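Colleague: Thanks for making time for this. Could you take me through the structure, one topic at a time?

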Protein chains: 2
Amino acid sequence: MTNVLASQTVQLYDRLRAAILSLDLAPGERLTERGLEASFDASRTPVRAALGRLDAEGLVQRDGRGWIVSPIDLAEIGALAELREAVEGAAVRLAVQRATDADIAAVAALLDAARPGEGGGTDAEQGVRAGGDFHEQLTRLSGNPAMVDAVRGAMTRLARTRWLEVRTPAAREQAWLEHRAVLNALEARDADTASRLLTGHIRGTNDRLLAALAADSRRLRGHGLAIVPDAPPVTPR
Amino acid sequence: MTNVLASQTVQLYDRLRAAILSLDLAPGERLTERGLEASFDASRTPVRAALGRLDAEGLVQRDGRGWIVSPIDLAEIGALAELREAVEGAAVRLAVQRATDADIAAVAALLDAARPGEGGGTDAEQGVRAGGDFHEQLTRLSGNPAMVDAVRGAMTRLARTRWLEVRTPAAREQAWLEHRAVLNALEARDADTASRLLTGHIRGTNDRLLAALAADSRRLRGHGLAIVPDAPPVTPR
DNA sequence: GCATCCGATTTGGTATACCAAGGTGGTGTA
DNA sequence: TACACCACCTTGGTATACCAAATCGGATGC
């Protein structure tokens, strides 16, 4: 039969990616191919392949001849939020025209299943996953795969900070309600309202995130996180 | 290979990319790592690295266990045009707020220098390059690197067909005039007009491109180009 | 005591050998 | 003649050896 077991490269990519997104590998941390080879018990060939894919995703980057886990860059976070406003705002307008009621209901069902308060586990992780999934699924209703890819790529780059957005139950509840409101407008085929609510949600969430990041940056840096402030360029290490 | 500045991998990536974009490697053509190794006189390691980067760019893709040059996909072209409308339309609105007069004048100077009839190279190549550069530079005026990346990625995926848009001197003149009109609105700090003109330009150009592609698809296929016809709606993942 | 130079070590870049899986063609049999 | 089977060969996946450049440390000379 075919590959029931994923190839070493895929496994390694998944494990490295998970380690970066969980902040197990800190932003700004230096990576060496031979170090990863030892840590993950694979040879350099799959290590290099995984690094290449993560580089394309923006999760690692070159630092001179070497590699670093991409630092958290406040300017990049703002830029990605603007991109999401543009893409998701247009996508939901397309969804008003193209998505069937059943398509919308399916996304609504996912949203309802992820209503805050259900289930235990890590609330923050749950909130991050639910939020990322919601925005990707919503964009998918546009029927435009290029927009889905753009949104997914942005959400990936933002994944390491989004847990800050959903730290409190109140924040999770607000996000859920705003998501629900967008879907309501979409169900009512009200493109202007849906787009306005969605872009407002993205902008508001981002504003709160940047505020939290700025407030906590000293403490986060103390935990070993490299956070690139707004103005100056990258000064790794 | 004595070039000290560019590594083998970068050189190979550039040459492969050029071969794909120039249609020297036909869309849909099967690629083997060992074949490329022989054709480009490099070992498999840089070949694999280059293929990985081109895969991330969408210029090659996996086909089972092997590789193919990405076919030209009419649905993808339409989707990318929609993405560009959303991103570039928003970017020019940001540019109205953020770009200095000098920034805008610099882009205008580039546009004037690329006025149809000037310069060298074949007219079509010239038109493709000028168009791609213009849209990227225009997006750059937004000050948002994520938007620039999104537009550049879309233009890369579209590069193999854009020559069809600018086949005739009349088409090149029209594109140039529409570009100029966007810049005029931007100089006048008229966000609504700039965004409307730009999205209309992107949509109109794309419509003409799709019409030309549909009309010529038989002949193009005869030249060995694999063109994927309009596919059914999205059901990925 | 300080600066400088040199060499050992570490690093990514490259070439290549080996492996397993899948496809192909030929051959032998019914 | 048609079909089934098997050997071979091509392919991507992986491991690893070697190289050049950069770095770091210590020894040396002023």
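Modeller: Happy to, and please keep in mind that this is a predicted model. Let me start at DNA strand C, where a phosphate oxygen lies 2.7 Å from a polar side-chain atom of B:Ser43.

Colleague: Which elements give two or more residues to the surface near DNA strand C?

Modeller: Both chains take part here. Chain B gives helix H1 (8-21) and H3, while chain A gives helix H2 (33-40), H3 and strand S3 (66-69).

Colleague: And which element gives the most to that surface near DNA strand C?

Modeller: We can look among the elements of both chains, since H3 of chain A and H3 of chain B are each on the list. With three residues, the one that gives the most is H3(B).

Colleague: Which residues are closest to DNA strand C?

Modeller: The strand is surrounded by 19 residues. By class they are three nonpolar, seven polar and nine charged. The closest are A:Arg34, B:Gln8, B:Thr9, B:Ser43 and B:Thr45.

Colleague: How far is the polar backbone atom of B:Gln8 from a phosphate oxygen of DNA strand C?

Modeller: Chain A has a phosphate contact on this strand as well, with a polar side-chain atom of A:Arg48 at 2.8 Å from a phosphate oxygen. For the backbone of B:Gln8, the distance to a phosphate oxygen is 2.6 Å.

Colleague: Let's turn to the other strand. What share of the atoms of DNA strand D within 4 Å of the protein belongs to sugar or phosphate?

Modeller: Contacts to the phosphates include a polar backbone atom of A:Gln8, 2.6 Å from a phosphate oxygen, and a backbone N or O atom of B:Leu31, 3.5 Å from one. Bases make up the rest of the atoms within 4 Å, and the share of sugar or phosphate is 53%.

Colleague: Which residue has a side-chain N or O atom 2.7 Å from a base nitrogen of DNA strand D?

Modeller: Of the 19 residues around this strand, those that come nearest are A:Gln8, A:Thr9, A:Ser43, A:Thr45 and B:Arg34. The side chain with an N or O atom 2.7 Å from a base nitrogen belongs to A:Thr45.

Colleague: Which element supplies the largest share of the surface near DNA strand D?

Modeller: At least two residues each come from helix H1 (8-21) and helix H3 (44-57) of chain A, and from helix H2 (33-40), helix H3 (44-57) and strand S3 (66-69) of chain B. The largest share, three residues, is that of H3(A).

Colleague: Now the two protein chains. What relation does superposing chain B on chain A point to?

Modeller: The superposition takes a rotation of 180 degrees with 0.0 Å of shift along the axis, and the RMSD is 0.1 Å. That rotation is therefore the relation of a two-fold axis.

Colleague: In chain B, which residue has the C-alpha nearest the axis?

Modeller: The same surface serves both copies, as 83% of the contact residues of chain B recur in chain A. The C-alpha of chain B nearest the axis lies 2.8 Å from it and is that of B:Ala86.

Colleague: What about rings: which residue has its charged end over the ring of B:Trp67?

Modeller: Over all chains the structure holds zero aromatic pairs. There are charges over rings, though: B:Arg115 lies over the face of B:Trp176, at 3.9 Å from the ring centre. Over B:Trp67, also 3.9 Å from the centre, sits the charged end of B:Arg62.

Colleague: Finally, which side chain is joined to that of A:Asp192 by a polar contact of 2.9 Å?

Modeller: A:Asp192 lies in helix H9 (residues 191-222) of chain A. Its C-alpha is 9.6 Å from that of A:Val96, 96 residues apart along the chain. The partner of A:Asp192 in the 2.9 Å polar contact is A:Arg93.

Note on methods: Residues numbered from 1 in each chain as written. Chains lettered and ligands numbered in written order. Predicted model: local features only at pLDDT ≥ 70, side-chain atom pairs only at ≥ 80, totals over all residues. Heavy atoms only, no water. Near = heavy atom within 4 Å. Polar contact = N/O pair within 3.5 Å; in protein donor to acceptor, adjacent residues only side chain to side chain. Helix = DSSP H or I, 4+ residues; strand = E, 2+ residues; numbered from the N terminus. Nonpolar A, V, L, I, M, F, W, Y, C, P; charged D, E, K, R; others polar. Phe/Tyr/Trp six-rings, centres within 6.5 Å; stacked < 30°, edge-to-face > 60°. Lys NZ or Arg CZ within 6 Å of the ring centre and 35° of its normal. Least-squares fit on C-alpha atoms with pLDDT ≥ 70 in both. Contact = heavy atoms within 4.5 Å.
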